Amino acid sequence: MARTARTTAEKLKIINADFKLWAKNFVKIVDNEGKEIPFVLNEQQDYFYRNMDKFNIISKSRQLGFTTFSLGYCLWLACTRPNTQCLIVSYNVESTQSIFERLKQMYASIPDKYKPAERRNNRMELLLENNSRIIVKTAGVKSLGRGMTLQYVLLSEFAFYNDEQQKDTLVSLEQALAKNNDSKIVIETTSNGYNFYQKLFMSAYKGNSKYKSFFFPWFSSSTSKQFKHEIELAEKWFRATNKGHRMQPEHLERDELPLREKGISFKLLMWRRWKLEDIAIEDFQQEYPSCPEESFKATSRSVFDTHKISERLNYILSPLPRTDIIKELPLSLDSYLNKGFFIYKNVKSNERYFVGVDTSSGNGGDYSACSVFDSQGEQVATFYDNRIAVYRFSQIVYDLGMYFNYAFLVVEKNSFGQSVIEKLRAEMQYLNMYKMKQFDQKGRKRLKVGWVTTSVTKPKLISDFKEQFELGMILLNDMETLEEMKIFTSYENGKTGNIRGEGFHDDLVIASALAIQGMKCGKWYI
């Protein structure tokens with residue numbers, strides 16, 4: 001039986017129902033040579049299109065075309081579905097304007113007979129006759145998403161919004177997402193250090209989030225096409241410096257061997273080496289990461305070596321379960337076991353222990369924290385809680401010290417720490433505590449209990465911790481301590497501390513650094 005040819009209307013219906021077909025047939029984009037070409041999805045765009053969910057988060061190398069993908073997707077929705085609203089958010093005004101200009105170019109390329117006419121095309125809004133619209137805005141606008149029912153949301157270069165903008169934007173736009181099966185929100189960005197986005201992405205990457213994660217490395221297939229001209233220049237440069245030869249296995253340098261084992265072509269390896277002639281490896285990894293963690297490490301200004309932190313995280317101990325703890329715990333500690341109080345090694349008789357103590361107000365902000373080390377420099381226990389009253393924390397510190405063989409306590413004296421010191425000394429008669437040398441106005445030396453953190457002493461505190469950790473002189477077992485070290489940052493004004501944002505702490509870093517000062521001082525008061 002002869003097959004009946006489809007009518008034009010039937011063909012159009014099929015094309016309009018499939019974004020890939022619609023984009024290929026009706027939309028043109030501008031390539032790197034300034035030419036308008038049909039919008040055919042590259043391999044990474046196609047993979048994302050086939051696998052995206054309602055909530056999506058992308059970490060990627062530069063210039064893989066995900067903003068272009070979203071612009072095309074929004075145009076498809078707007079042109080084929082009346083009364084649809086889409087929103088694209090970028091991190092600054094310049095980027096927002098650039099995205100809107102690309103949107104207008106792509107809309108203009110669609111033949112008039114296949115698109116609704118425009119009703120308004122200004123103020124970063126494209127409004128069509130079918131009452132669909134695409135809006136482009138800059139992060140930080142307070143009314144973002146208010147009163148809208150959005151079918152598609154793109155948060156472009158999300159990691160470059162400040163932390164408050166990241167959280168506020170996400171909360172408001174998730175609420176504005178249309179309550180149907182195929183509405184979508186897409187977060188896409190290159191990395192920008194350890195921030196809210198990093199926590200959100202890694203949570204999704206580990207399968208602990210409603211967001212579905214996607215990572216696209218620098219050696220994705222699109223790189224060869226996107227940087228075709230640069231790759232050709234890189235090969236000429238390599239041949240000129242290697243007697244006319246293309247790269248061969250014998251030309252590979254040490255850091256290129258594992259990349260080649262991953263199947264990366266010699267062409268891309270030549271391009272990478274060519275790029276590294278002018279930029280540092282950290283800058284390359286920031287723009288062109290091989291894995292998510294590499295991108296975050298490269299963009300972080302962490303005080304501590306994040307590579308060593310990541311290595312240690314692969315081998316840390318699990319806290320001891322109650323059944324494996326030999327020495328009976330005091331009641332104050334027992335109630336916190338594995339809920340803020342973690343023991344990694346059982347107490348040894350005749351072992352000397354050192355406890356760093358950082359005290360907070362207990363109002364739900366910073367932690368009151370303790371970090372316990374043995375005389376060999378191994379971290380054996382931690383305690384942290386941000387709701388514990390100062391007087392109760394004093395009891396915790398006392399019991400912790402007594403539990404670990406009358407440990408040497410190094411209590412930060414600043415602010416609420418003075419109250420802890422007074423209770424330990426005056427009320428509980430705890431004597432084995434760090435004393436700092438100070439001079440009075442007459443030049444007389446005095447030993448005062450507790451560590452005083454100042455603009456002079458804090459750099460020493462952190463520098464000693466950094467040295468001992470990076471040289472392998474101490475062994476950290478606590479995941480929370482290591483995670484805090486990742487985001488312990490050096491700022492332009494010379495100050496150090498955790499990066500700004502809710503849920504980011506540095507209290508275990510300080511507690512551990514204080515314990516190290518106890519080990520270094522070589523004192524023991526009985």
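This passage describes strand pairing, helix packing and residue exposure in a predicted model.

The strands E5, E6, E7, E4, E8, E9, E3 and E10 form, in that order, an open sheet of eight strands with mixed pairing. The edge positions are taken by strand E5 (118-122) and strand E10 (212-216). Each of these two has a single partner strand, so one side of each is left without a neighbour in the sheet. From one strand to the next, the twist averages 15°. Within this sheet, strand E4 (residues 85-90) is paired with strand E7 (residues 133-138) in the parallel sense, and the pairing extends over six bridges. Serine 90 has threonine 138 of E7 as its bridge partner.

Helix H5 (residues 93-109) lies across several strands of the sheet, namely E4, E5, strand E6 (125-128), E7 and strand E8 (152-156). Relative to E7, helix H5 runs at about 160°. Helix H5 is also packed against helix H4 (residues 66-80), with the two axes coming within 10 Å and crossing at roughly 50°. An angle of that kind falls in neither the parallel, the antiparallel nor the perpendicular range, and H4 and H5 are therefore oblique to each other. The crossing of H4 past H5 is right-handed. On the H4 side, the contact is made by Thr67, Thr68, Leu71, Gly72 and Leu75. On the H5 side, Ile99, Arg102, Leu103, Met106 and Tyr107 take part. Sorted by class, the residues of this contact are six nonpolar, three polar and one charged.

Further along the chain, strand E13 (residues 368-374) is mostly covered, with seven of its seven residues buried. The cover extends to both faces of E13. One side carries Ser368, Cys370, Val372 and Asp374, the other carries Ala369, Ser371 and Phe373, and all of these residues are buried. Strand E13 has antiparallel pairings with strand E12 (residues 353-358) and with strand E14 (residues 379-385). The pairing of E12 with E13 runs over six bridges, and in it glycine 356 has serine 371 of E13 as its bridge partner. Serine 371 is also among the buried residues of E13 listed above. The pairing of E13 with E14 likewise comprises six bridges, and valine 372 stands opposite alanine 381 in E14. Strands E13 and E14 form a hairpin with four residues between the strands, in which glycine 377 takes a positive phi near 95°.

A second hairpin is formed by strands E16 and E17, with five residues between the strands. Here glycine 443 takes a positive phi near 85°. Strand E16 (residues 435-439) and strand E17 (residues 445-449) are paired in the antiparallel sense over five bridges. Lysine 435 has valine 449 of E17 as its bridge partner.

Lysine 179 is located in the loop between helix H6 (163-176) and strand E9 (184-189). Its relative accessibility is 73%, and because the cut-off for exposure is over 50%, lysine 179 counts as exposed. Lysine 179 and leucine 447 are 268 residues apart along the chain, and their C-alpha atoms are separated by 66 Å.

Notes:
Residues numbered from 1 in each chain as written. Predicted model: local features only at pLDDT ≥ 70, side-chain atom pairs only at ≥ 80, totals over all residues. Heavy atoms only, no water. Pairing = 2+ DSSP bridges. Axes fitted to C-alpha atoms, helices over the stretch in contact; angles between N-to-C directions. Contact = heavy atoms within 4.5 Å. Buried < 20%, exposed > 50% of the residue type's maximum accessible area, 1.4 Å probe, protein only. Parallel < 35°, antiparallel > 145°, perpendicular 65-115°, else oblique. Left-handed = near helix turned anticlockwise from the far one by under 90°. Nonpolar A, V, L, I, M, F, W, Y, C, P; charged D, E, K, R; others polar.
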